[in-house]
Amino acid sequence: MQEGATDPGLYDYHPYNARPKIAWPEGKTCAVWVAPNLEYYEIDPPANPHRKSWPKAHPDVVGYSYRDHSNRVSHWRMADVMSRHGFPGSVSLSVALCDHHPEVVADGVERGWEFFSHGIYNTRYSYGMSEAQERAIIEDSIETVQRATGQRIRGWLAPALTHTPRTLDLLAEYDFRYTCDLYHDDQVQEVKVAKGALASIPYSLEVNDHYGFNVYGMSGREYADCLIQQYERLAEEGERTGSGTVMCVPLHAYLIGQPHRIGPFEEALAHIAADSRCWKARAGEIVDHWRAAQ
Amino acid sequence: MSLPDDYTTYPRRAEGYDHDYYDWSSMHGRAPVAWPDGKSVAVWLCVSLEWFPIMPEDKPFRAPGHMVTPYPDYRHYTVRDYGNRVGVFRMLEAFKAAGVKASFAVNAAVAERYAELIEAVLADGHEIIAHSTDMNGTITSDLAEADERALIADSLARLEAASGIKPKGWLSIARSQSWRTADILTEHGLKYTCDWVNDELPYRFKNGLVNLPLNTELSDRMIIATQQHSAEGWAQMMRDAFDWLAAEARGTAYTKGGGRMLPVHITPYIIGQPFRIRALEQLLTDLSGRADAWIAPGAEIVSAWEEQQ
């Protein structure tokens, strides 16, 4: 990015109605990728002067245990619903989860999921990191996930969405292919980096379950309707324009896997899975297909 | 502002948790639990009985539901008290009509101030759980150890003196504990706490304390007061949750099944309003009529679980 400039220079302007078309495999019109966040929040993280980890003095019992629900109960509930409807996960991973609860990561590996880094912990923020520290978390991410899953990670969603001006350039330098941190589009787009190439894949804050439940206060049924409407619109636009769209379903098991929400969520996934326009894909497949067409 | 070098070192990065309170286990990886009479879903009704002093204290934090306006906040003081004067009696009647027993998490001040209410709760056979002194009695690690010890001891002594009951369970205000709370509760002979929301079945801390998770998401405070759904919407969510848990109890691809638990945390000044109470009544009629539901107070659920460990 252009540090200090009013326009950070992340990408060029390409209006939706006048840009090169992208065709998805087999005439599909909307690539749907499901992004479970498999996270570990520390109970007593060190302070970062730019952002407080927990609202309360440590231990923040509800904050910590709320998120731990994923790793004891709801991960498997969410994962089974995805598997039943043929959706692989592309995992936004706090890579230290490989050390703390390898059983959760192994479950994703068995299901054929793709992994990308969401930092070491969701309680260690990139704000204020030196270049050496930022390289350390990138290298740690690559090595830890390689060891735990056999996969060389190619994607990044910044820990707790915290960035530095150099993050995207470093990702390209380490041969990452995509970032999930930019929310400017419904299609894969080129990111401007100092050297090499990097794509942005649409992740979504608006249909993220965290926004749905903890920002907008939706019920499980309302959130399910919102996913269906998001999908229907993107699939229809992809069909009408002849250029494939991307829908991401970003999830947290401790939210979507609550017993009052998971049933309606399954109905939404079943609806999307049954539609012939849907390309059930992993993030890497979507980005690689797009890159090959450039 | 730059970060210290050790910001990218992780002393507790190893298998298991980054604390020593309890071990990790997945719910589906444990031996299945069986509830009495072959029921598959334990429904735990937990009612908070709260007294909010009109002079709120912010140390260590202001409790959710506490005073909002400049002093004197008649609006919030009185509507909270509405729960203890009116709303809770509608709830007691609804429990009696459905033939169900609940847990009541009681501020010691409520037991002292509203003796008739506590008599009514006990006469109907409900459980009493300790719930601090009053809604100024919040706990975090910012509270000095001596103050926390005094707060918990005072809560238990005053609750017992006023109600004649020595409670087995403890619910912290806003489920907020300090590093020390679990040990202090154990020292007082309490059997269980409801504060950690990471599971859907009871589990045991290393110090012997049982945690009976009282899901924050499934409370009327969260669904009605915070997320602003109707009481009917809340009841629909409880039914959706029950249905999922009952199916899970029969076994799925990821679990052998076994007993599940649905915690229903309700608040007299919220669900006890005239326009909302019917949703609770209908939910109780519905759930109490289901063959797979076991509606029981927390202590009974903990005991049933404990016998199988």
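**Notebook: chains A and B of a predicted model**

I began with B:D37, which is exposed, with 7 other C-beta atoms within 10 Å. For burial I used C-beta atoms placed from the backbone: a residue is buried if 20 or more others lie within 10 Å of its own, exposed if 12 or fewer, and partly exposed in between. I noted that the model is predicted, that local features need pLDDT of at least 70, that side-chain atom pairs count only at pLDDT 80 or more, and that totals for chains, interfaces and linings use all residues. Residues are numbered from 1 along each chain as its sequence is written, while chains are lettered from A and ligands numbered from 1 in the order in which they are written.

**Backbone entries**

I looked up the backbone of B:D37 and found phi near 55 degrees, a positive value in a residue other than glycine; B:D37 sits in the segment before β1 of chain B. Strands here are DSSP runs of E with at least two residues, and helices are runs of H or I with at least four, both numbered from the N terminus. In chain A, I found a positive phi, near 55 degrees, at A:E26, which is not a glycine. A:E26 belongs to the segment before β1 of chain A, and it counts as exposed because 7 C-beta neighbours lie inside 10 Å.

I then turned to the cis peptide bonds. One joins A:H58 to A:P59, with omega about -5 degrees, and A:P59 lies in the loop between β1 (30-38) and α1 of chain A. Another joins B:Y71 to B:P72, with omega about 0 degrees, and B:P72 is placed in the loop between β1 (41-49) and α1 of chain B.

**Helix α1 against helix α9**

In chain A, I looked at α1 (residues 61-84) and α9 (residues 262-273), which pack at an angle of about 20 degrees with their axes 10 Å apart. The axes are lines fitted to C-alpha atoms, for helices over the stretch in contact, and the angles run from 0 to 180 degrees between N-to-C directions. That angle makes α1(A) roughly parallel to α9(A), where under 35 degrees counts as roughly parallel, over 145 as roughly antiparallel, 65 to 115 as roughly perpendicular and the rest as oblique. α1(A) passes α9(A) in a right-handed crossing; a crossing is right-handed if the near helix is turned clockwise from the far one by less than a right angle, and left-handed if anticlockwise. The contact is made by A:R77, A:M78, A:V81 and A:M82 of α1(A) with A:I262, A:F265, A:E266 and A:L269 of α9(A), two residues being in contact if their C-beta atoms, placed from the backbone, lie within 7 Å. These contact residues divide into 6 nonpolar, no polar and 2 charged, with Ala, Val, Leu, Ile, Met, Phe, Trp, Tyr, Cys and Pro counted as nonpolar, Asp, Glu, Lys and Arg as charged, and the others, Gly among them, as polar.

In chain B, I found that the axes of α1 (residues 74-98) and α9 (residues 274-288) come within 9 Å and cross at roughly 20 degrees. α1(B) and α9(B) are therefore roughly parallel to each other, and α1(B) passes α9(B) in a right-handed crossing. From α1(B), B:R90, B:M91, B:A94, B:A97 and B:A98 meet B:I277, B:L280, B:E281, B:L284, B:T285 and B:S288 of α9(B). I recorded 7 nonpolar, 2 polar and 2 charged residues in this contact.

**Whole chains and the interface**

Chain A has 10 helices and 9 strands. Its radius of gyration is 18 Å, close to the 19 Å that the globule rule gives for 294 residues, so chain A is as compact as a globular protein of that length; the radius is taken over C-alpha atoms, and the rule is 2.2 Å times the number of residues to the power 0.38. Of the 294 residues of chain A, 53% count as buried.

Chain B has 10 helices and 9 strands, and 52% of its 309 residues count as buried.

Between the chains, I noted that 53 residues of chain B are in contact with 43 residues of chain A. Helix α7 (residues 231-249) of chain B gives the most to the side of chain B that touches chain A, with 8 residues. That side of chain B divides into 23 nonpolar, 19 polar and 11 charged residues.
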